[in-house]
Amino acid sequence: MTTPATPADGTAADGTAAVPPADERLPLRRLLPLALQHVLAMAATPVSTVFLIAAPLRLTPAQTSSLLGAALVLSGAGSVLQSLGVWGFGARLPFVMLPGGAATALFVQIAHDHGPAVASGSVLLAAALLLAVTPLYGRVVRLFPPVVTGVTVLLVGISMVRVSTQLLSGPGGRAAPGALAAAGLTVAVTLVAHLLLRGAWRQSAVLIGLAGGALLTVATGLGALAPATGAEVLLPHLLPYGTPRLDLLAALPLLLFSLTSLAEATGQTVLNSDVPDPGRDVPRVARADALISLLGSVLGTPTMVTSSENIGINRLTGVRSRFVTAAAGGLLIAAGLLSPLSRLVAALPPAVVAGSALVVYAVITVMGVEMLGRVRVGDSPDTLVVGLALTAGLLPVVAPALYTGFPAAVRTVLGNGVVAGTLAAVLLHALLIAVRSGTRDGSRSRSRSRSRRPWRAGALGDGQAP
């Protein structure tokens, strides 16, 4: 049943009070298929996220299965919270929540450099920071315009493509031909699915690539499944990496990400609301993200973020009811508690996971390029901001030993490409704004001074005022 059109006086065409699209209640026979469609579009993200974490951390199939269950449960719980809202947590809009792509990359990087306990502690610190700054939303979001967020996302993608290749090469730095072939098959299946499929199936291309790549890898003898055993229903394990360790310097990448997420949440809220009120809705979105991320820090998952993946489905179906996304969240929770499903997915060959990781991080890299494409650089000073910030971020990527002789604190900041590049972009952009503001103020001051200066016609020899 479609809600009648709403005229300017706030009533429906039949004279009854209009129901906002987000509050439309659907019968169960329509609600469940629509919710399942959202789940199909969402499922690839938690699955690929878990494998991006499990492979470099050398998790066992049982640990991977438990982590996947936690990611699905938190994604479902976050989607329910954002859709229904309670006590100022959640915008009560048709949103879903998933592990953040860039946040996952940063989590893996921190875990690789400092250990998974520090990575979980970084998630906790980032969530606490996000809760603390939501009252200052208007001021914080100005620090992260597209020129800064574009640099950050682009550097995340580039850095993690490098990490993904280590999944293939292993400690020795050389990849076996069979592993490269399995990764190539996974990339090929993902590409074909993306090109040929439409709608929710196309949005699930990464998940289809994982499944198809695994089947072809096993069928051709390039790899084998390694399923774990366990109970039929399994609750996520608490503190899978031990007690989270708090390290502010190591957490800097995720702390910066938590601030930049406010800018992304603003755009998503505008797209997903009929009458957007960023000053009211974005803090609610951010608080829900922070709360679920706090839970994630004790369950071993990366930072959870409200996702825009379902906005396309809302527009495709013409249904924007928050009760549909809440039902999708309920289905995700059920899937996360079904241990056989998690164990089956956890059995995929590592090379298949590496191929899927390359696809995911390649997409993140392109997202950064798109963000920077919205900035009209050309001959503007923003060209120098982008160039210098990218240089600062790429130096530790192309020359990992560049800062070896510096103290540990300096190495932690400058040796991390995402942190170095983002900080450079923030500082340079702020400097540019300050210079522009000073130049405009000086010009206005000189103009007012000239307008008040007394003069006599002909005193300058040409009869003109100075």
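**Helices, cores and a pocket**

Helix H5 makes a handy starting point: it covers residues 116-133, and at 1.5 Å a residue its 18 residues should span 26 Å, which agrees with the 26 Å between its end C-alpha atoms. The model is a predicted one, and H5 is just one piece of a chain that has 19 helices and two strands. Much of H5 is tucked away from the surface: its buried residues are Ala117, Val118, Ala119, Ser120, Gly121, Ser122, Val123, Leu125, Ala126, Ala127, Leu130 and Val133.

Zooming out to the whole chain, 48% of the 466 residues are buried. Contacts reach a long way along the sequence, too. Taking those between residues at least 6 apart, 81% join residues at least 24 apart.

What sits inside? The largest nonpolar core holds 100 residues, and the members touching the most others are Val151, Val156, Leu254, Leu262 and Tyr361. Helix H11, running over residues 248-272, gives this core its largest share, with 10 residues. A second core, separate from that one, has eight residues, among them Met97, Ala288, Ile292 and Leu299. Back in the largest core, Val151 shows how far apart in sequence the partners can be. Setting aside residues up to four places away, Val151 touches Leu372, Val386, Ala389, Leu390, Gly421 and Ala425.

Thr49 offers a smaller example, this time from helix H2, which takes in residues 44-57. Is Thr49 buried or exposed? Its relative accessibility is 5%, and buried means under 20%, so Thr49 counts as buried. Beyond its neighbours within four places in sequence, Thr49 is in contact with Pro99, Thr104 and Pro302.

There is empty space to look at as well. The second largest pocket has a volume of about 520 Å³. Its lining is made by 24 residues, and those nearest the centre are Gln109, Asp113, Pro396, Gly415 and Asn416. Several helices share the job: H4 (101-114), H7 (146-169), H11, H17 (382-398), H18 (408-414) and H19 (417-452) each supply at least two lining residues. H4 provides the largest share, five residues. As for chemical character, the lining of this pocket is a mix of 11 nonpolar, 10 polar and three charged residues. H11 thus turns up in two places, supplying 10 residues to the largest core and at least two to the lining of this pocket.

Terms used:
Residues numbered from 1 in each chain as written. Predicted model: local features only at pLDDT ≥ 70, side-chain atom pairs only at ≥ 80, totals over all residues. Heavy atoms only, no water. Core = buried A, V, L, I, M, F, W, Y, C linked by side-chain atoms within 4.5 Å. Buried < 20%, exposed > 50% of the residue type's maximum accessible area, 1.4 Å probe, protein only. Helix = DSSP H or I, 4+ residues; strand = E, 2+ residues; numbered from the N terminus. Contact = heavy atoms within 4.5 Å. 1 Å grid on protein atoms, 1.4 Å probe; cavity = no way out; pocket = protein on both sides within 12 Å on 5 of 7 lines; lining within 4 Å. Points joined across faces, edges and corners; volume = space filled by probe spheres on them. Nonpolar A, V, L, I, M, F, W, Y, C, P; charged D, E, K, R; others polar. Expected span 1.5 Å × (residues − 1).
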